[in-house]
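Okay, thanks for coming, everyone. Let me put the structure up, and then I'll walk you through a few of its packing details.

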Amino acid sequence: MNTAKHLPYEGIRVVEFTHMVMGPTCGMVLADLGAEVIKVEPIGHGHEGDNTRKLLGSGAGFYPLFNRNKKSLALDLKTPEGKEAVLRLIATADIVSENFKPGTMKKLGLDYETLKKINPRLIYVTLKGFLPGPYDHRTALDEVVQMMGGLAYMTGRRGDPLRAGTSVNDIMGGMFGAIGAMAALAQRAQTGEGQEVQSALFENNVFLVAQHMMQYQVTGKPAAPMPERISAWGVYDVFVVKDGEQIFLAVVSDTSWKIFCDVFNYQDLFDDPRLANNNQRVLARDWLIPLLRERLKDFSAQYLSDVFEKNALPYAPITAPHDLLEDPHLKATGGLAPLELNDGRTVNTVLLPLSLNQERLKVRQSAPHLGEHNESLLSSLGYSAEEIQKLSHPVD
């Protein structure tokens, strides 16, 4: 009996024309779930692969993180030979995905209307700034849609809009593209036909702030930015404690309030009729929180963590992203996995935040070198060794 475990999308071939974060995230999700994802990268005419490979600063992690478990096929699509090779590949594909500027794929003759004639079963995922409409001509970035879509307003203080501290729309927009592709695969199993799937940064951002839009309609009052919001809980704050350390502490129920007061011997607070239930404590925050800040300031963050954990009270250290590389829970549960960079160094990457049959989805291959799979892929499409050499090293 064959006991080998198969991933859900084994046997599905994805050809992606993507860069930066949104498009590669879509492919990474499908690749982690077992799909064969082939990243087509440009060469010739001044191109040396996906420009994301060369980013510095905040973009330095994009390529290795979002392109794992993929193959790289490097071609010059501006030559008839390169174009023919990629069309042969697409004829074998289940999914094509792209996140270039509107019109780019049409200029290359790789838009959905053209490709579906070659492959009617093809699912075509386009990942853009906006869904078709009045804004779709604009150039969108994660920060652009956070500003125009209410997220920066909600994150910063009033009059000081602040983008979220990660590429939330790019990553989630890519995820919704993958979800759309999954739905299209399920529908194709019934109809035999492919379709176009569209996902967009702006619409994703609006989905993220939908709770605040609904709050306004339900209450008639605009949602206040997060730093100004009226907390739903009496104690739900960051506290500065011994040696200037910070810790987030929460007491969110009446039962928890009793435990908190008992543990710290705050009988006076527990007996105060102004603090009898959570809603009263919310109304008393103006004087209660400064009082608690004063009482808790001489405890160490470690002591408070130990007490809150022992008594099942919510707490959290204030952690920088790089500190998570040593997080004991992530290390113990296999949430981090080794990945080899193109320069040969080994680092740790973060796996998808889900498990199947209580197992995390592994890194089967690190982000590929440019053109790493040209020979195997092109030979499988019927090209000779000499033809592969020419396609892989175009003359400008």
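First, a bit of vocabulary: when I say two pieces are in contact, I mean heavy atoms within 4.5 Å. Keep in mind that this is a predicted model, where local features need pLDDT of at least 70, side-chain atom pairs count only at pLDDT 80 or more, and totals for chains, interfaces and linings use all residues. Residues are numbered from 1 along each chain as its sequence is written, and side-chain values use heavy atoms, with hydrogens and water left out.

Helices (H or I, at least four residues) and strands (E, at least two) are DSSP runs, numbered from the N terminus. Angles run from 0 to 180 degrees between N-to-C directions, and axes are lines fitted to C-alpha atoms, for helices over the stretch in contact.

So let's start with the sheet. It's an open one with 3 strands, in the order β8-β9-β10, and the pairing is antiparallel. Pairing here needs at least two DSSP bridges between the strands. At the edges sit β8 (235–240) and β10 (315–317), each pairing on one side only. On average, neighbouring strands are turned by 15° against each other, direction ignored. Strand β9 (residues 246–251) pairs with β10 over 3 bridges, and I247 has P317 in β10 as its bridge partner.

Which helix packs on this sheet, touching β8 and β9? That's α14 (residues 285–296), whose direction makes about 40° with that of β8. Then there's α15 (residues 301–310), lying across β9 and β10 and running at about 25° to β9.

Now, helix on helix. The axes of α1 (residues 22–32) and α8 (residues 168–191) come within 7 Å and cross at roughly 45°. That makes the pair oblique (under 35 degrees is roughly parallel, over 145 roughly antiparallel, 65 to 115 roughly perpendicular, and the rest oblique). On the α1 side, the contact residues include M22, C26 and L30; on the α8 side, I171, M175 and A178 are among them.

The other pair is α9 (residues 201–208) with α10 (residues 210–219), at an angle of about 50° with axes 4 Å apart. α9 is oblique to α10 as well. V206, F207 and L208 of α9 meet A210, Q211 and M213 of α10.

Last one: is N279 buried or exposed? N279 has 58% relative accessibility, so it counts as exposed (over 50%; buried is under 20%, partly exposed in between, with a 1.4 Å probe and protein chains only). N279 lies in α13 (residues 278–283). N279 and W233 are 46 residues apart in sequence, yet 7.4 Å apart in space, C-alpha to C-alpha.
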